[in-house]
Amino acid sequence: EPDDIKRTRQMVILSVLADDEELDRNLAIGALRGYRYQSEALQLLCKLIDYNLEILAPGTIVTSADDVERANKQDTPAWEKTALLARVIYRENLIMWRHVIGKKDGFSHVNGKLDGDHLCLADGGCPVCGRTYPCSRCSRCKQVRYCSRGHQMLDWKNHKSNCGK
């Protein structure tokens, strides 16, 4: 683990960032607030998130959808189902944080998609929250992915002008 990742991990563990209520608050307002969210800290947090995404499934391009599909197979042992679903939850929380951080600073978004080192960020995700699972596409253009019908409805005002082009 690189030194900057270690230092950032320690900061995150000790800070309020690890608190789900903080994530919910920041997602609700669509921005990050506070001194912890200065540009340098955000870049380190993105590196930390990318690092954690990589150690979830080292050297593979396993997605949350792949994990859920494998967990739903009848021959998958109960302990493995639990581990796979826990990995989905952890991965999706990391991706949501990455999305919120990108909204704050702008450096981690390219063409509306998250720009990061990890492959699960390459396909983008829900434009509202960043999640990649569950995934449904716009029924009209099939280009934009959403985690839920509610988020699709929230984003319609922004998406409508580009839909079908």
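A nonpolar core is a set of buried Ala, Val, Leu, Ile, Met, Phe, Trp, Tyr and Cys residues joined through side-chain atoms within 4.5 Å. Keep that in mind as you open this predicted model, and let's start with the hydrophobic side of things.

**Stop one: the cores**

Select Leu42, Leu45, Cys46, Ile49, Leu53, Leu56, Leu94, Ile95, Trp97 and Ile101: these ten residues make up the largest nonpolar core. Now colour by helix. Helix H3 (39–56) and H5 each supply at least two residues of this core, and H3 gives the most, with six residues. Apart from this group there is another core, made of eight residues. To find that second core, select some of its members, including Met96, Cys129, Tyr146 and Cys163.

**Stop two: Asp67 and its arginines**

Next, turn to charged side chains. How many salt bridges does a search of the whole structure find? There are three. Begin by selecting Arg87 and Asp67, whose side chains meet in a salt bridge with an N to O distance of 2.6 Å. Arg87 sits in helix H5 (residues 78–105) and Asp67 in helix H4 (residues 64–71), so you are looking at a link between distant parts of the chain, 20 residues apart.

Keep Asp67 selected and add Arg91. This arginine also forms a salt bridge with Asp67, and here the closest N and O atoms are 3.1 Å apart. Because Arg91 lies in helix H5 and Asp67 in helix H4, the pair ties together parts that are 24 residues apart in sequence. With these residues on screen you have a network of salt bridges linking Asp67, Arg87 and Arg91.

Are these charged residues buried or exposed? Switch on a surface and check. Arg87 is buried. Asp67 has a relative accessible area of 1%, so it is buried too. Arg91 has 2% relative accessibility and therefore counts as buried, since the cut-off is under 20%.

**Stop three: Glu80 and Arg70**

For the last stop, select Glu80 and Arg70. Their side chains meet in a salt bridge, with 2.2 Å from N to O. Glu80 is in helix H5 and Arg70 in helix H4, so this pair ties together parts that are ten residues apart in sequence.

How accessible are the two partners? Glu80, at 15% relative accessibility, counts as buried. Arg70, at 39%, counts as partly exposed because that value falls between the 20% and 50% limits.

Note on methods:
Residues numbered from 1 in each chain as written. Predicted model: local features only at pLDDT ≥ 70, side-chain atom pairs only at ≥ 80, totals over all residues. Heavy atoms only, no water. Salt bridge = Lys/Arg side-chain N within 4 Å of Asp/Glu carboxyl O. Helix = DSSP H or I, 4+ residues; strand = E, 2+ residues; numbered from the N terminus. Buried < 20%, exposed > 50% of the residue type's maximum accessible area, 1.4 Å probe, protein only.
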